[in-house]
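Visitor: Before we turn to the details, could you take me through the cysteines and the charged pairs of this model, one question at a time?

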Amino acid sequence: DSITDLNRIEIPEGARDATPQTIYEVMASVPDRRKARGKRYSAALVLTLLLLAKMSGEHGLSGIAQWARLRLEWVRANLPVERNSLPCGNTYHNVCDQIELAELNQRLADFFTSKPQEEALPEQPMVVPEPVNQTSREAPSLRQWVLDGKVLCGSRRPSQGKEAQSALALYDLENHCVVVQRELAGKGHERATALALVQTLDLKGILLSADALHTQPAWCHTVRKQGGDYLLIAKANQRTLRSDLALLFSEPPRSWLPEQNARQVDQGHGRLEVRCLRTSSELNDCLAPTWPDVAQVFQLQRTVTRGKHSTTETIYGLTSLPPALAQPSRLLFFIRRYWQIENRLHWCRDVTLAEDACTVSRGQTPQVLATLNNAILALADKTGVTNLAAHQRIFSAFPDRALSLLLQPL
């Protein structure tokens, strides 16, 4: 019932191999490459302090170090600290540089996507189900992941000739968390990195969305090979495909060229937004030799009216989802939901968590801080926080509330 006794808890042998039940246990399970000599603070402690300070509104390492030192007695009473001091900014740098970044990403993703263990049910007679064709899958079983890259603007150092670091994130729209995050080698490497990443994933039951950069036959082939479905936009990098789709939808629907449509109207924030989606399967045979398993193509017209001024945008795309699994209204939902990776992840990291204002540029530290920002946003979604900025002020005034989220099972 108390979180003040953590520094006196003895961890049994082999307990570190158990499935982490709290975020603190996740931090404690991440491999640390530092040598034992000179190791004054555990990686779990340093990462936890980073999370606590970030949850309270800090973003730079010097500010995080000062935030923790101003609460020395509180930290010593609640976390396992063997010294009478707390880390300086360079220690945070060193720890972030020496932990296994891939393991940190993976273990946090596993923690936020895992479901609570259910009680064992009485054993039932085994029933062998009949084979089910892939096209007969129930629509609600489909989950959507979105892939997009992001520049860590604060890590740019023009005076040193150092470009900003970038990260590629795969975002789970059901669990509102990052499933995988990979560092990009530099500008122009996103497509190759993303394709290599997809080749390692099990995508059964997953609809994978990405921006027009990834609208490539090799991408479609890889996604289908891994068991998933794709949803892609056709822009100038695929001129032939885009012109074919524009020609198909250039005329009103004909009886000999059937199509389906959906319409959605939203009003708010001083604007009226109308989305009209048209879908067709008439180009499937023509596109199939180049675009594996294409099942539908679509045109989306988005008209926004502010006062007396209106603008219209038209986009085209294709998907491997057949009409039986994605009627126009559901496909329109998937297309619009793609932008959650910008609205719920990238924007919140840049603005609320001040990621762009963080000027850390050395080693893998910017990538670690980005991963911790992902964890904070996932934690906010898990706990029903709708205004993270307001909660940051609350956590700063009452750090016990933030610590309880890290030390207790969600």
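**Cysteines and salt bridges**

Guide: Let us begin with C96, which is buried, with a relative accessible area of 0%. Please keep in mind throughout that the model is a predicted one.

Visitor: How many disulfides does a search of the whole structure find?

Guide: A disulfide would need two cysteine sulfur atoms within 2.5 Å. C96 takes part in none, since the nearest cysteine sulfur, that of C358, is 9.7 Å away. Seen from the other side, the sulfur of C358 has C96 as its closest cysteine partner, and 9.7 Å is too far for a bond. The number of disulfides found across the whole structure is zero.

Visitor: Is C358 buried or exposed?

Guide: The term buried applies to residues under 20% relative accessible area. C358 has a relative accessible area of 9%, and therefore counts as buried.

Visitor: Which residue meets the side chain of E100 in a salt bridge?

Guide: The partner belongs to a distant part of the chain, 67 residues apart: E100 sits in the loop between α5 (89–98) and α6 (101–113), and the other residue in the loop between α1 (23–29) and α2 (43–55). E100 is partly exposed at 29% relative accessible area, and the partner is also partly exposed, at 40%. With an N to O distance of 3.5 Å, the residue that meets E100 is R33.

Visitor: About how much of the helix separates R107 and E103?

Guide: The side chains of R107 and E103 meet in a salt bridge, at 2.8 Å from N to O. R107 is partly exposed with a relative accessible area of 25%, while E103 is partly exposed at 31%. Because the two residues are four apart in helix α6, their separation is about one helical turn.

Visitor: How many residues apart in sequence are the parts tied together by E174 and R337?

Guide: These two residues form a salt bridge whose closest N and O atoms are 2.9 Å apart. E174 counts as partly exposed at 34% relative accessibility, whereas R337 is buried at 10%. E174 lies in the loop between β2 (165–172) and β3 (177–184) and R337 in helix α11 (residues 328–337), so the parts that this pair ties together are apart in sequence by 163 residues.

Visitor: Which residues do salt bridges that share partners join into one network?

Guide: A search of the whole structure finds 21 salt bridges. Through shared partners, some salt bridges join into one network, whose members are D266, R271, E273, R275, R302, E313 and R336.

How values were computed: Residues are numbered from 1 along each chain as its sequence is written. This is a predicted model: local features need pLDDT of at least 70, side-chain atom pairs count only at pLDDT 80 or more; totals for chains, interfaces and linings use all residues. Side-chain values use heavy atoms; hydrogens and water are left out. Buried means under 20% relative accessible area, exposed over 50%, partly exposed in between (1.4 Å probe, protein chains only). A salt bridge is a side-chain nitrogen of Lys or Arg within 4 Å of a carboxyl oxygen of Asp or Glu.
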